[in-house]
Amino acid sequence: MRKLTIGSLKDSSRRGDIEIAAAPLDKQTFKVIKRLLQLEQNHSRYQIEVNKDQTILDAAFEQNIELEYKCRKGTCGQCKVKIINGRNLLTEANQAEEKKLQNLLNNGFRLACQAKGR
């Protein structure tokens with residue numbers, strides 16, 4: 001069994017090295033990359049950091065960003081947002097989103113109360 005050292009974890013360009021990360025890392029600086037979504041709601045743009053299993057709406061509240069919402073169940077559609085950048089940071093749309101947004105899902109729209117970080 002090979003002994004792991006800080007150097008062997010850090011330099012992934014050498015053959016046989018192991019890369020371990022709890023969060024996305026910048027391979028040049030080895031700093032954690034923030035999970036930032038860029039989105040738009042009612043002609044206002046926002047940048048929100050979303051964690052795994054956290055809804056966009058909850059992440060916005062934690063960051064003192066006031067998104068419009070009403071029911072928090074995915075039925076009213078008040079929290080509809082357009083994802084400008086970072087779609088890959090979110091889980092697939094659930095049934096509530098598919099029912100409410102239908103064709104808008106393909107255009108980057110999500111419900112902030114339902115869409116969760118991946």
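# Rings, strands and polar contacts

Reader: Is Phe-61 buried, partly exposed or exposed in this predicted model?

Author: Residues are numbered from 1 along each chain as its sequence is written, and side-chain values use heavy atoms, with hydrogens and water left out. Because the model is predicted, local features need pLDDT of at least 70 and side-chain atom pairs count only at pLDDT 80 or more, while totals for chains, interfaces and linings use all residues. A residue is buried under 20% relative accessible area, exposed over 50% and partly exposed in between (1.4 Å probe, protein chains only). Phe-61 has a value of 31%, so this residue is partly exposed.

Reader: How do the rings of Phe-61 and Tyr-69 pair?

Author: Rings of Phe, Tyr and Trp (its six-membered ring) pair if their centres lie within 6.5 Å; planes under 30 degrees apart are stacked, over 60 edge-to-face and the rest tilted. By this rule there is one aromatic pair. Because the centres of Phe-61 and Tyr-69 are 5.2 Å apart and the planes stand at 70°, the pair is edge-to-face.

Reader: Which residue lies over the face of Tyr-69?

Author: Tyr-69 is partly exposed, at 37% relative accessibility. A charge sits over a ring if NZ of Lys or CZ of Arg is within 6 Å of the ring centre and within 35 degrees of the ring normal. Over the ring of Phe-109 sits the charged end of Lys-80, 5.3 Å from the centre. For Tyr-69, at 5.8 Å from the ring centre, the residue is Arg-72.

Reader: In what order do the elements of the protein chain run?

Author: Helices (H or I, at least four residues) and strands (E, at least two) are DSSP runs, numbered from the N terminus. The protein chain has three helices and four strands. From the N terminus on, their order is α-β-β-α-β-α-β.

Reader: Which strands stand at the edges of the open sheet?

Author: Two strands pair if DSSP finds at least two bridges between them. The sheet has four strands in the order S2-S1-S3-S4, with antiparallel pairing. One side of each edge strand is left without a neighbour in the sheet, because each has a single partner strand; the two are S2 (44-49) and S4.

Reader: Which residue of S2 is the bridge partner of Gln-38?

Author: Six bridges join S1 (residues 36-41) to S2 in an antiparallel run. At another position, Leu-36 stands opposite Glu-49 in S2. For Gln-38, the partner in S2 is Gln-47.

Reader: Which residue of S3 does Glu-40 face?

Author: S1 also pairs with S3 (residues 80-85), in the antiparallel sense and over three bridges. Here Glu-40 of S1 stands opposite Lys-82.

Reader: Which side chains of S1 point to one face and are buried?

Author: In a regular strand the side chains alternate between the two faces of the sheet. S1 shows this alternation: Leu-36, Gln-38 and Glu-40 point to one face and are not buried. Those that point to the other face and are buried belong to Leu-37, Leu-39 and Gln-41.

Reader: To which side chain is that of Arg-110 joined by a polar contact of 2.8 Å?

Author: Arg-110 lies in strand S4 and is buried, at 10% relative accessibility. A polar contact is a pair of N or O atoms within 3.5 Å; within protein, one must be able to donate a hydrogen and the other to accept it, and residues adjacent in sequence count only if both atoms are side-chain atoms. The side chain of Arg-110 reaches the backbone oxygen of Thr-91 at 3.1 Å. The side-chain partner at 2.8 Å is Glu-97.

Reader: With which side chain does that of Gln-114 make a polar contact?

Author: Gln-114 is found in the segment after strand S4 (109-111) and is buried, at 16% relative accessibility. Contact means heavy atoms within 4.5 Å; leaving aside neighbours within four places in sequence, the contacts of Gln-114 include Arg-72, Lys-73 and Gly-74. The polar contact, at 2.8 Å, is with Asn-94.

Reader: Is Asp-53 buried or exposed?

Author: Asp-53 lies in the loop between S2 and helix H2 (56-62). This residue has a positive phi of about 65° although it is not a glycine. At 53% relative accessibility, Asp-53 counts as exposed.
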